[in-house]
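This report describes one protein structure, going from the whole chain to single residues. Please keep the sequence and the 3D view open while reading.

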Amino acid sequence: MSDLIAVAYDDLPHAEQAREKLVQLHKEHIIELADVVIVERKQDGKIKLHQARNLVAGGALGGAAWGGLIGLIFFMPLLGMAIGGATGAAMGSAADSGIDDAFMRNLAEQLPPGAAAVFVLIDKRNPEKAVPEMAPLGGRLIQTSLSPEQEEHLREAVKAARAPQPA
């Protein structure tokens, strides 16, 4: 089961820095991201979504792998990979999985103009390692799908990570 966490930042560059850090933590296998999106409320009040995930490439790669396997069974692996890749790409571009766009836009309406928020859908997390990495970047927790106890634990962990450490 995935958990949704949304963190607001004062501006787009800080939100982008947070997203980059999340992607780095994902690459280091500290967290497993299902989706990460930056939602920006521009100075004129318009909402812009900055999607980070390329579902089309992932669908094409998965489709090519399955197509190659099926092609091997029928002794035509290249044709199977080509058909599988095209089908996977088409399905990936048609699918809108991850965080609901309307939900993000509605929540972004509450942000002040010029601010941004990072919405992250986490499949697996290791908060004792991720929180100290993310806490120095600042931000305000604005929405989660965590239980009240888990959310409070997260808030306390962030607070502790931000506290000055004795020398």
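The text below covers the overall layout, the main pocket, one pair of rings and then several single residues.

**Overall layout**

The model is predicted. The protein is built with six helices and five strands. Read along the sequence, these elements follow the pattern β-α-β-β-α-α-α-β-α-β-α. Of the 167 residues, 38% count as buried. Among contacts with a separation of 6 or more, 74% are accounted for by residues 24 or more positions apart.

**The largest pocket**

Rolling a probe the size of a water molecule over the atoms shows where empty space is left. The largest pocket has a volume of about 540 Å³. Its lining is made up of 26 residues. Nearest the centre of the pocket lie Ile5, Val131, Leu141, Leu154 and Val158.

Which elements give two or more residues to this lining? They are strand E1 (3-9), H1, E4, helix H5 (127-134), strand E5 (140-144) and helix H6 (148-162). H6 gives the most, with six residues. By residue type, the lining of the largest pocket divides into 18 nonpolar, four polar and four charged residues.

**A pair of aromatic rings**

A search of the whole structure finds one aromatic pair. The pair consists of Phe103 and Phe119, whose ring centres are 6.2 Å apart. The planes of the two rings stand at 85°, and because an angle over 60 degrees counts as edge-to-face, the pair is given that name.

Where do the two partners lie? Phe103 belongs to helix H4 (residues 101-108) and Phe119 to strand E4 (residues 116-124), so the pair ties together parts that are 16 residues apart in sequence. Phe119 is buried, with a relative accessible area of 1%. Phe103 is partly exposed, with a relative accessible area of 29%.

**Lysine 21**

Lys21 lies in helix H1 (residues 12-27). Is Lys21 buried or exposed? With a relative accessibility of 19%, Lys21 counts as buried, because the cut-off for buried is under 20%. The side chain of Lys21 makes a polar contact with the side chain of Glu133, at 2.9 Å. Leaving out residues up to four places away in sequence, Lys21 touches Glu133, Met134 and Leu137.

**Residues brought together from distant parts of the chain**

Three further residues each have a partner that is distant in sequence. The table gives the separation along the chain and the distance between the C-alpha atoms.

| Residue | Partner | Separation in sequence | C-alpha distance |
|---|---|---|---|
| Glu16 | His50 | 34 residues | 9.5 Å |
| Arg105 | Lys46 | 59 residues | 9.6 Å |
| Gln143 | Ala8 | 135 residues | 9.2 Å |

Glu16 is in helix H1. Glu16 is partly exposed, with a relative accessible area of 29%.

Arg105 has its place in helix H4. Arg105 is partly exposed as well, with a relative accessible area of 37%. What does Arg105 touch, not counting residues up to four places away in sequence? Arg105 touches Ile47 and Leu49.

Gln143 is found in strand E5. The relative accessible area of Gln143 is 28%, and this residue is partly exposed. Apart from its neighbours within four places in sequence, Gln143 is in contact with Leu4, Ile5, Ala6, Phe103 and Leu107. Two of these residues have appeared above: Ile5 is one of the residues nearest the centre of the largest pocket, and Phe103 is a member of the aromatic pair.

**A residue with a positive phi**

Most residues other than glycine have a negative phi, and most peptide bonds are trans. His29 has a positive phi of about 65° although it is not a glycine. Where is His29 found? His29 is in the loop between H1 and strand E2 (32-41). His29 is exposed, with a relative accessible area of 67%.

Technical notes
Residues numbered from 1 in each chain as written. Predicted model: local features only at pLDDT ≥ 70, side-chain atom pairs only at ≥ 80, totals over all residues. Heavy atoms only, no water. Phe/Tyr/Trp six-rings, centres within 6.5 Å; stacked < 30°, edge-to-face > 60°. Helix = DSSP H or I, 4+ residues; strand = E, 2+ residues; numbered from the N terminus. Buried < 20%, exposed > 50% of the residue type's maximum accessible area, 1.4 Å probe, protein only. Polar contact = N/O pair within 3.5 Å; in protein donor to acceptor, adjacent residues only side chain to side chain. Contact = heavy atoms within 4.5 Å. 1 Å grid on protein atoms, 1.4 Å probe; cavity = no way out; pocket = protein on both sides within 12 Å on 5 of 7 lines; lining within 4 Å. Points joined across faces, edges and corners; volume = space filled by probe spheres on them. Nonpolar A, V, L, I, M, F, W, Y, C, P; charged D, E, K, R; others polar.
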